[in-house]
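Biologist: Could you take me through the ligand sites in this one, slowly and in some detail? I'd like a close look at what surrounds each ligand.

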Amino acid sequence: MTAELVRTPGAFGLGQVPARLQPDAVTTVVCGYCSTGCGLKVHLRAGEAVNLTPDPEYPVNLGMACPKGWEALNALEAADRATRPLLRNRDTGALEPVSWSRAMGEFVSRFKAIQERHGAHSIAFLSTGQMCTEEMALLGAVFKFGMGGLHCDSNTRQCMATAHVAYKQSFGFDAPPFNYADFEESDCLVFVGANPCIAHPIMWQRVLRNPRNPEIIVLDPRRTETAMNATLHLPLTPKSDLTLLYGIAHALIARGAVKRDFVDAHTAGFEEFARFVAQFTPERVCADAGLERAAFDRCVELIATRERVSFWWTMGVNQGHESTRTAQAIINLALMTGNIGRPGTGANSITGQCNAMGSRLYANVTSLFGGRDFAQAAHRQEVAEILGIPAGVIPSAPSWAYDQIVDAIESGAIRGLWVIATNASHSWIHQDRFNELAKKLEFLVVQDLYPTTETARRADLVLPAAGWGEKEGTLINSERRIGLVKKVRRAPGEALGDFSIFKLVAEAWGCGDLFREWRSPEAVFQILQRLSAGRPCDITGIRDYRHLDAEGGIQWPLPEVGSRKSEAGSEELTSHFRLRTSGFTERRLFADGQFFTPDKRARFLFDLPRPVAEPTNSEFPFTLLTGRGTSAQWHTNTRTGKSAILRKLYPADCYVEIHPDDARLLGIAPHSPVTVSSRRSSLTATAFVTPTVSPGQVFIPMHYDAVNRLTFASFDPHSRQPSYKHCAVNLTPQ
Ligand SMILES: Nc1nc2c(c(=O)[nH]1)N[C@H]1C(S)=C(S)[C@@H](COP(=O)(O)OP(=O)(O)OC[C@H]3O[C@@H](n4cnc5c(=O)[nH]c(N)nc54)[C@H](O)[C@@H]3O)O[C@H]1N2
Ligand SMILES: Nc1nc2c(c(=O)[nH]1)N[C@H]1C(S)=C(S)[C@@H](COP(=O)(O)OP(=O)(O)OC[C@H]3O[C@@H](n4cnc5c(=O)[nH]c(N)nc54)[C@H](O)[C@@H]3O)O[C@H]1N2
Ligand code: SF4
Ligand SMILES: [Mo]
């Protein structure tokens with residue numbers, strides 16, 4: 001059966017580029033790196049992509065792209081692409097090529113054997129925000145409804161779990177409210193723990209198009225490229241955000257800057273919040289956050305007086321030990337000042353990966369399809385009816401989070417692991433422990449473009465995946481825009497699209513019948529539309545992939561109106577979003593102040609700040625910050641490292657940013673090798689002596705393989721997102 005499916009030309013990814021593309025045409029494909037979701041015009045010759053240029057008509061990027069986008073085809077051409085399944089020979093220990101039938105045979109027999117010995121829930125998967133929504137949906141359905149699995153998570157936990165939980169609790173649904181037009185329409189943009197100049201450079205280009213001469217406030221311990229371009233930089237002590245944001249709320253209340261009408265009509269819990277923040281006096285806050293009073297006062301004044309204030313946050317917030325309450329402290333500021341639902345406003349979480357939003361809504365991992373709850377019988381029943389499956393196959397229990405899955409490998413509760421489109425051996429916090437535990441696994445399957453990633457090298461079975469541009473499906477960007485990825489290249493050798501691999505798994509496992517209707521990515525898109533009906537993320541108004549293509553992507557929600565699929569951009573469709581037409585279709589949520597909670601009111605949520613998990617001391621006197629290094633490096637560098645052009649744009653070897661005062665005290669010369677050690681491990685990096693970090697802090701980009709040997713595994717209690725941006729380290733010159 002398996003071999004037969006693989007041989008079927010076209011149907012499972014081995015065939016030609018789909019006939020719907022003209023052989024020598026130009027076609028727009030959404031970028032598969034970051035969540036900006038730029039449109040890239042791919043130039044085809046004889047049906048194969050030969051080049052690309054940014055699409056001037058795509059409403060996101062308006063003809064711009066960052067270096068990763070320009071070089072996106074390069075990653076597909078790498079010499080080390082996985083072209084055949086590889087199975088570890090138990091005698092020699094080497095990974096050896098095998099057929100897909102053999103690979104699927106091993107996959108099924110070894111995972112099933114583990115389940116028989118240790119229970120159905122002793123296998124798990126870790127997946128990604130970097131596949132198409134249709135692929136994620138199929139994976140989540142096959143694993144949970146077909147294979148009897150329960151525990152699964154994705155790298156979205158490392159990235160967006162905090163925003164997901166914060167929005168859900170505050171707004172009643174995981175709904176980032178903004179449009180990119182808000183970058184251009186704001187009078188004051190407040191970036192908290194975000195460095196868009198590097199991490200979202202095309203969003204930053206949208207900021208630069210703002211004609212209102214906006215104030216730009218940046219809250220970041222480092223003087224980043226974004227901070228250098230700000231009108232006000234608050235270099236707060238790492239992880240003092242919660243205290244500072246409560247202090248700002250208190251000062252806004254003290255100067256009468258609360259929008260009472262909005263608060264009274266559309267929110268709940270403000271009085272308690274106002275009483276709570278009274279203790280966060282400017283004196284206390286400035287002392288705790290290490291800020292000058294004048295800068296604090298200026299920040300409060302700008303937020304109080306500008307008509308349109310927008311708040312933007314990214315990993316400096318999401319990756320922290322009290323991150324959910326920190327994100328909600330930002331939301332609280334937007335709510336109390338009425339800065340939501342109007343142009344140029346909002347409490348706006350910028351997403352990370354190209355499809356982290358898809359994984360939050362449709363991956364069936366943390367939430368049941370469509371942002372539903374596994375624990376609610378009514379939700380399970382709805383999904384069962386829509387999918388035509390027995391409600392009994394849908395688990396009612398929640399899955400363990402990523403860190404709990406890792407702990408369960410240690411305890412022996414998890415024995416088999418399937419890793420898809422994430423490089424956990426590099427990116428997971430306290431990497432050495434993860435890599436030690438990986439040895440305990442009875443079966444580790446890695447599904448990736450390259451057999452050379454840190455994780456794939458440890459696998460028992462490597463499944464060769466097709467990448468972006470070699471398959472079809474949709475991605476959801478930061479402004480909730482669903483964009484199309486097209487197959488413009490043939491995958492090398494026997495590599496298959498993830499969708500096809502999941503179909504093969506379902507067939508080989510013996511649960512293929514449950515997924516008969518899940519024939520193709522577009523068929524799954526239609527299933528997801530049905531699953532979205534009546535939900536805040538309703539997309540029943542989208543006609544088909546062609547509609548997405550014609551519109552330059554479509555933002556959710558877009559419900560079907562009456563019995564007719566909507567013309568996006570033509571009319572006001574629901575009271576939940578505002579429709580604007582300024583050349584492009586742009587919609588933001590909450591224009592009517594109606595939130596997704598049962599009483600339609602947004603919540604003020606807050607807690608006392610807590611100390612960091614690993615404070616500095618005399619032995620480990622520096623705080624290690626980590627994050628993005630350059631716009632040319634993507635995460636663990638498996639893709640960006642393949643481009644000779646991108647390689648010229650960043651330092652080849654790991655470097656550590658050190659303040660000149662600290663370098664002088666320790667006798668560290670610029671560009672000399674330094675040992676950076678934490679309680680867990682150490683690495684060697686080149687000293688980059690620079691005042692962009694404050695004394696007592698150092699910064700190492702996450703793209704170099706050893707950085708997470710140092711990080712300390714602590715987690716936010718609500719989102720279980722790792723606190724990658726804080727641990728104690730020591731420096732020694734070599
Ligand atoms: N070039 C490039 N672009 C990317 C990516 C990439 O790998 N490369 N990855 C994408 C993904 S998945 C993500 S999630 C985003 C991440 O995008 P960003 O979050 O913007 O990037 P980071 O550099 O991880 O972190 C942002 C800032 O948080 C600051 N920070 C550290 N600790 C604190 C703190 O306690 N408080 C505050 N306020 N700030 C703090 C850091 O100094 C850093 O400048 O980027 C996306 N875009
Ligand atoms: N210290 C520190 N660590 C961090 C962070 C930090 O700021 N500091 N940030 C965290 C964040 S926000 C994130 S998002 C994670 C990212 O961490 P990872 O997800 O581990 O990083 P990537 O390098 O993007 O890994 C994606 C993998 O999928 C493969 N791949 C790409 N496309 C496809 C596809 O279509 N199919 C398949 N099957 N495989 C594919 C790539 O080759 C690569 O191996 O790192 C986290 N780790
Ligand atoms: S900004 Fe993001 S989406 Fe746009 S080209 Fe760069 S990586 Fe791709
Ligand atoms: Mo991320």
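Modeller: Here is a walk around the ligand sites, with a couple of backbone oddities at the end.

First, the ground rules: this is a predicted model, where local features need pLDDT of at least 70, side-chain atom pairs count only at pLDDT 80 or more, and totals for chains, interfaces and linings use all residues. Residues are numbered from 1 along each chain as its sequence is written, chains are lettered from A and ligands numbered from 1 in the order in which they are written, and side-chain values use heavy atoms, with hydrogens and water left out.

Let's start with ligand 1. Its shell has 33 residues, and A199, D220, D241, M315 and Q633 come nearest (a residue is near if one of its heavy atoms lies within 4 Å of the molecule). By class, that shell splits into 12 nonpolar, 14 polar and 7 charged residues; here Ala, Val, Leu, Ile, Met, Phe, Trp, Tyr, Cys and Pro count as nonpolar, Asp, Glu, Lys and Arg as charged, and the others, Gly among them, as polar. At least two shell residues come from each of α7 (196-199), α15 (315-318) and β23 (622-627). Those labels are DSSP runs numbered from the N terminus: helices are H or I with at least four residues, strands are E with at least two. Ligand 1 lies between domain 3 (161-350) and domain 4 (622-733), because both give residues to its shell; the domain bounds come from an automatic or database domain assignment.

Now the polar contacts, meaning pairs of N or O atoms within 3.5 Å. A backbone N or O atom of A199 is 2.7 Å from a nitrogen atom of ligand 1, and a polar backbone atom of I198 is 3.4 Å from a nitrogen atom of the ligand. R222 uses its side chain instead, with a polar atom 2.9 Å from an oxygen atom of ligand 1. Taken alone, ligand 1 exposes 910 Å², and the protein buries 99% of that (Shrake-Rupley areas with a 1.4 Å probe).

On to ligand 2, which also has 33 residues around it, the closest being N155, S427, D448, D498 and T636. This shell has 10 nonpolar, 17 polar and 6 charged residues. β15 (443-448) and β23 each supply at least two of them, while domain 2 (86-159 + 355-564) and domain 4 (622-733) each supply at least three. Side chains make polar contacts with oxygen atoms of ligand 2: T422 at 2.8 Å, H635 at 2.9 Å and K725 at 3.0 Å. On its own ligand 2 has 920 Å² of accessible area, and the protein covers 99% of it.

Ligand 3 has C31, Y33, C34, T36, G37, C38, A65, C66, K68, G69 and I202 around it. Those divide into 7 nonpolar, 3 polar and 1 charged.

Last, the backbone. Most residues other than glycine have a negative phi, and most peptide bonds are trans. N213, however, has a positive phi of about 50 degrees although it is not a glycine; you'll find N213 in the loop between α8 (201-208) and β9 (215-219). The other spot is W556 and P557, joined by a cis peptide bond with omega about 0 degrees. P557 lies in the loop between β19 (554-555) and β20 (577-581).

Key. A polar contact is a pair of N or O atoms within 3.5 Å; within protein, one must be able to donate a hydrogen and the other to accept it, and residues adjacent in sequence count only if both atoms are side-chain atoms.
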